[in-house]
Amino acid sequence: MKCPPILNAESERLEALADHGLHSKKTLPSLDPVVRIAARMFGMPMAAVNMIGDDHVFFAASTGLNAGVDMSRDVSFCAHAIAQTGVMVVPDTLEDLRFHDNPLVTGSNGVRFYAGVPLFSPDGHPMGALCVLDTQPHRDFTSDDQERLHELARMASDRLELHRIEIYSERTRPSFEEYAGSSASPVAWFDDQGSIIAINTAAALLHGYHPSECIGRPLESLLSIQERLRLREGMERATQMGSLEGIDIPTEVRGLRKDGTEFLLGLSLFCWRHQGHLRFESVLKDLTVQRHEEAELRRLANIDALTGLANRACFYRRIQEVLLVPSPAAALIVDLDGFTDLNDTLGPVIADAVLQKVAQLLATFAGHELHQAHLSQGPMAARLGGDEFALLCPGVESLEAAHLLAQRVLDCIQQATTVEEHELHLSACCGVALAPLHAHEALELVGNADLALHEAKRNGRGHSFIFVQALRMQAVARHLYGIELHRAVDQGEFVLFYQPQVNLRDGSLAGAEALIRWQHPQRGLLAPAAFLPALEEGPLAARVGAWVLDEACAQAAFWRRNGAPMLRMGINLFSAQFRVNDLVKDVSETLMRHGLPPSALELEVTENVVLDQDAVVLDTLRRLRNLGVGLSFDDFGTGYASLSLLTSYPITRIKIDRAFVQGMLTSKREASVVRAILDMARSFDLEAIAEGIETEAQLESLRREHCNEGQGYLFAKPMSAADFEVAYGLGLTRLATRR
C-alpha cells in the first residue's frame, strides 16, 4: 500500500479546512443530495464528500459506506485524489499498486472501483474530494462520466462556500470587504430598516446594478412585488425577537433586475447584533442555471451514458407505468453473442463502439419498425448494463406476435457491420416475457424475460425463447440446490476420492489426484457433474476449495509417511480461490501445518480460470511457483488460448485431455494432437500426463510417444482413501475423515 503525499502548502490547506468549520464531528446536510445524486447517476452503491485532515479523514456527507470504516489518512483514496487537479480514476483497486492491499479494499467495504475529484477552497487549497465507489471494478468510466463528476463537484463547492459564509456569520465579523467583497457568492448586508448597507459586485451584477447604485436602497426592491410583503413581515418579526429562529423566511423567491425582468432567486438570511441594532445578511443565488443543471442531472440519471438509451432504472419505471394502466406489453432482454471475446481481442474502445452501434439499431427499431407494425405508442429501448439491452413493447398480447417480434429484433442486430475499420458479424440472443400473461409487475416481468434469455443462450447463438413457467420452477430448484450446498458445507457432507497417477514405464505410483464427491443424505454419493457447476458459480467455492486443499494435503502427508514417500498430490483449484483471501499464504500455511514440502503438491488450473482473471491469476501462479509448488494445466488442447498461455504462465505439467487419448487410436487427427502436445511439453521443458487411459492399446501407444505418466480406468477409478490405501499398501490405519 502506498501512503498519500503531504502537499507543499499543507498548513495553508488545513487552515482553509478550519475556516470552513469542517471537522470530524460535524456533517453537512446540504451535501447529502449531492452524494445521493452521484451514487444514482453513476449506478454506484457508495458516494461521499470526504474531507482530508492532518492524519485522518472524515465524511462531510456519505451514502452506502459501512460503519467503522478506517478513517486514517494513510488508507484514504481521497488523500491521493487531492494531490491532483483532475479526476482520479482507479478502474480496479486490486490491479493498482497503491491500493491492492489497502484495508478499504480487503476489508468489509471491499472497494474495487474509485473515482474522485478534489474540492478546493476559494484560495485554491484542496480540502477534500467528492468520490463514488463500488465493490465491482469498472473499466467503462468515460471522460463524459468524469465531466459529470466535475459538475457535481462544483455543486458541492458552492454548498461548502455557503457553509463558510454561515460560519463567518456566527463569529466576530470582519469588514464587509474582508468578508465578502471579492467573493464569487452574491452577498448583501442590510439594516433593521431593510436598507442595503453593503453589497458585493456579484450581488449587484446579479440584479443588473453597479454596487454604488444599491447602497441605501431597500433590499425588497431587488425582489418582485408579490414577494416583498412576506419578506417585510419576516424581517419585522426578526427585529422584534432579535433572531431569525423560528421565522418562516422564503428560500426561493422571484428576483427583480434593474431592467424589470424577473428570475428565480435563492435567498439565505442570517442576522447578528451590531452596536445594539440587528443587522442582516442575505446570500443570494441565481437558481435559473441551477434548475437547468438539476433538470439535466435528472435526465442523465435516466440515461445510459455510453449509448444514450434509457438505463435500467428508467426502464423499470416505464414498465411499471405501462402495467398500472393496465396494458398488455412484451419485455425483451437482448444479450450479444461473444461480446466478452470481442472485448478481450479488440479492446474496450471497439467494444464500446459496438455497444453504441447496437444501441442505435435498437433505438431505430423501437422508433420506426414497432410503430409501422401498428403497435401501441410508447416502445422503449434501454441498456441494462454490459452487453445486455432491453425493449419494452406495449400492445403485444399473443405468443405468436412475441415470437415474431423477437425474431425481428435479432434480425435487426444480426448483420455485418464495420466498426473502426473492423468488419464484424454481430448476433444476439433474446428472452421474452409478456404482461399480464407472465407477470403483473416490473421486477417479475424482467426477471422472467431474463430466465428466457438464459434458456435461449443455452440453445446457441442467435436464438430467442419465450418464458414458460417451467423456467421459474427450475430457477427455484437452483435456489433450493444452493441451500442444500450450504448445508453440505456446514454438515461436512463433501468427501474426497483419489485417482492414482501412474508412471507408464514401470507402473509405479507417482501421485494422486484429489476429486470431490458429495455424500448426499437422500441421493447418495454424487459425482462432480451433479453439483460442481452450481458450487463454482456460488459463494461457497472458496470455502470448499480451502477445505479440499487442507484435506488432500493432510492425506498426502499421511501416505508419504506410510509407504509412498515421493507421492505427489494433485488438487483442482476453483476460480474463486484467486479472488478471496491470499491463496499463496493459504497454500504455504497448509503445507507447513502438515509438514509437506512444496514439491509434494501440484495445483491444477483450467484455461477458463486463467482467462477469467488474467492479471490476478498470473501474479498468484508466479508466487506459487516461486514457493516451489507444481502447477498443472488441466484439459490442455480444448481451448483457444492454450498455446499462448504456455509462453507466459509458469506451468510445470500439461494434462492431455481424455478426449484426445480416447480418440488417438481411431483418428489420425487425435493422434497428431497427442503427439504435438507431448512435443510441445518437451520443447517447453514441461512434464506431461495423459488422462482417460482405458485400454492396454492406448497405454502402449502413449509409451511409444514417450509419455511418462497417465491416469484412467485402466489403472483405477477414483476411490476412497481407505480403498486407495488397500490398493497401494499405504499403512495399516487410515487417516480419519477430517472436516
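These exercises work through cores, backbone geometry, a pocket and cavities in one predicted model.

Residues are numbered from 1 along each chain as its sequence is written, and side-chain values use heavy atoms, with hydrogens and water left out. In this predicted model, local features need pLDDT of at least 70, side-chain atom pairs count only at pLDDT 80 or more, and totals for chains, interfaces and linings use all residues.

**Exercise 1. Cores**

Find which residues touch the most other members of the largest nonpolar core.

Step 1. Fix the term: a nonpolar core is a set of buried Ala, Val, Leu, Ile, Met, Phe, Trp, Tyr and Cys residues joined through side-chain atoms within 4.5 Å. Buried means under 20% relative accessible area, exposed over 50%, and partly exposed in between (1.4 Å probe, protein chains only).

Step 2. The largest nonpolar core holds 80 residues, and Phe494, Met569 and Leu603 touch the most other members.

Step 3. Helix α18 (residues 541–561) gives this core its largest share, twelve residues. Helices (H or I, at least four residues) and strands (E, at least two) are DSSP runs, numbered from the N terminus.

Step 4. Another core, of 39 residues, lies apart from it; Val358, Phe389, Leu410 and Leu424 are among its members.

**Exercise 2. Backbone geometry**

Locate the cis peptide bond from valine 325 to proline 326 and the one joining alanine 435 and proline 436.

Step 1. Recall the background: most residues other than glycine have a negative phi, and most peptide bonds are trans.

Step 2. From valine 325 to proline 326 the bond is cis, with omega near -10°. Proline 326 sits in the loop between α11 (312–323) and β11 (329–336).

Step 3. Between alanine 435 and proline 436 the bond is also cis, and omega is about 5°. Proline 436 sits in the loop between β16 (428–435) and α15 (442–458).

Now place aspartate 685, which has a positive phi although it is not a glycine.

Step 1. The phi of aspartate 685 is about 60°.

Step 2. Aspartate 685 belongs to the loop between α24 (668–683) and β25 (687–690).

Step 3. Aspartate 685 is exposed, with a relative accessible area of 70%.

**Exercise 3. A pocket**

Describe the lining of the second largest pocket.

Step 1. Fix the terms. On a 1 Å grid over the protein atoms alone, a cavity is a set of points where a 1.4 Å probe fits but cannot get out; a pocket is an open set with protein on both sides within 12 Å along at least five of seven lines; lining residues have an atom within 4 Å of a point. Grid points are joined across faces, edges and corners, and a volume is the space filled by probe spheres set on the points.

Step 2. The pocket has a volume of about 960 Å³. Its lining has 33 residues, and Asp158, Arg159, Lys285, Leu287 and Gln290 are the closest to its centre.

Step 3. α5 gives the most to this lining, eleven residues.

Step 4. The lining divides into 14 nonpolar, eight polar and eleven charged residues. Here Ala, Val, Leu, Ile, Met, Phe, Trp, Tyr, Cys and Pro count as nonpolar, Asp, Glu, Lys and Arg as charged, and the others, Gly among them, as polar.

**Exercise 4. Cavities**

How many cavities of 30 Å³ or more does the structure hold?

Step 1. The structure holds two.

Step 2. The largest has a volume of about 140 Å³. Of its 16 lining residues, Asn50, Phe59, Leu65, Leu104 and Leu133 lie nearest its centre.

Step 3. The second largest cavity has a volume of about 40 Å³. Its lining includes His207, Leu219 and Leu284.
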